[in-house]
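I opened my notebook to look at how some helices sit in a protein. Here is what I looked up, entry by entry.

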Amino acid sequence: MKLTGKAARAAGGAGDGPAIILFGPQLGENVGQVARAMLNFGLGDLRLVRPRFGWPNAKAVAAAAGAHRVLNEMRICEGLEEAARDLHHLFATTARARELEKPVMTAEAAAALARRLHGEGRRVGVLFGPERSGLSNAELALADAIVSIPLNPDFSSLNLAQAVLLCAYEWFKTADHTPPVRGETAAGPPATKAELAAFLDFLVAELDRTGFFRSPTRRRSLIQTIRVMFERRRPTRPELNLLYGIVKQLAGHGGGDRSL
Ligand code: SAH
């Protein structure tokens with residue numbers, strides 16, 4: 001499922017992130033809560049392997065709290081091979097460390113790796129086990145890496161949906177949520193350093209010409225202040241053109257020809 005609009009924006013444009021695979025889930029309400037947690041973090045691709053309850057499931061729908069689109073697009077598979085067929089990399093989650101020849105990592109480290117693989121165009125899946133028993137070695141064997149969320153060693157088993165939520169959260173955090181640089185959109189592209197320097201030369205020349213600076217010492221320090229002020233503000237090209245027009249007008253040049 002490819003998210004669009006708000007959910008994709010919330011995911012930092014990562015609406016086609018990792019698939020979540022639930023192996024043999026026992027409770028419909030957990031599946032609903034998984035769908036909800038996934039949509040909270042912009043994930044949309046949910047796959048169930050041999051759920052132990054009938055589908056559709058009223059408890060799942062109620063627990064999804066509006067994340068219907070994830071349930072509507074969910075796939076139900078006969079086996080793990082089928083659920084993971086189109087994937088390039090599978091993470092399997094478990095509370096208990098096992099003697100397996102696989103890399104074991106935290107959800108945070110797995111999310112960073114998943115983000116890198118995803119950026120290289122590889123499809124990633126994260127596998128979760130049944131509520132009571134967790135994943136067996138047979139399922140873990142299919143995974144490329146094991147994810148174990150560090151918890152209180154004396155009480156380290158999470159609820160299924162909460163385990164999905166933590167993994168989805170770690171994935172979400174790896175996205176670049178930096179808002180677009182102000183000025184690059186509505187106000188136009190930022191002026192280059194050279195364009196800004198040329199404008200400042202022009203401004204200082206006009207200030208010199210109109211006798212603005214009272215003394216050479218004051219001139220030096222004021223020029224420094226003006227430079228710092230404009231560097232911090234980083235005007236856009238259209239803004240610089242406007243400033244050229246304003247200075248020319250005030251300096252009595254009218255519609256002169258100085259601009260970018
Ligand atoms: N009794 C089972 C727990 C199953 S909890 C056991 O001890 O293994 C259901 C699923 O949630 C697990 O199969 C796993 O996918 C996930 N999960 C629970 N706790 C986890 C943890 N600390 N780290 C990673 N995944 C966890």
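**Entry 1: two helices side by side.** I am working with a predicted model. I found that helices H9 and H11 are roughly parallel to each other, because angles under 35 degrees count as roughly parallel and their axes cross at roughly 10°. H9 covers residues 193–209 and H11 covers residues 237–250, and the two axes come within 11 Å.

Which residues of H9 and H11 make the contact? From H9 I noted Glu195, Leu196, Ala198, Phe199, Phe202, Leu203 and Glu206. From H11 I noted Arg237, Leu240, Leu243, Tyr244, Val247 and Lys248. I sorted the residues of this contact by type and got nine nonpolar, four charged and no polar.

**Entry 2: the length of H6.** Next I checked helix H6, residues 107–119. Its 13 residues should span 18 Å at 1.5 Å a residue, and the end C-alpha atoms are 18 Å apart, so the two values agree.

**Entry 3: the two sides of H6.** Which residues of H6 are buried? I listed Ala107, Ala110, Ala111, Ala114, Arg115 and Leu117. These buried residues cover an arc of only 165° around the axis, so they lie on the same side of H6. On the face turned away from that buried side, I found the exposed residues Glu108, Arg116 and Gly119.

What do the buried residues of H6 pack against? I wrote down strands E4, E5, E6 and E7, along with helix H8.

**Entry 4: just after H6.** I also looked at Gly121, which follows H6 and has a positive phi, near 85°.

Terms used
Residues numbered from 1 in each chain as written. Predicted model: local features only at pLDDT ≥ 70, side-chain atom pairs only at ≥ 80, totals over all residues. Heavy atoms only, no water. Axes fitted to C-alpha atoms, helices over the stretch in contact; angles between N-to-C directions. Helix = DSSP H or I, 4+ residues; strand = E, 2+ residues; numbered from the N terminus. Parallel < 35°, antiparallel > 145°, perpendicular 65-115°, else oblique. Contact = heavy atoms within 4.5 Å. Nonpolar A, V, L, I, M, F, W, Y, C, P; charged D, E, K, R; others polar. Expected span 1.5 Å × (residues − 1). Buried < 20%, exposed > 50% of the residue type's maximum accessible area, 1.4 Å probe, protein only. Arc of directions from axis to C-beta.
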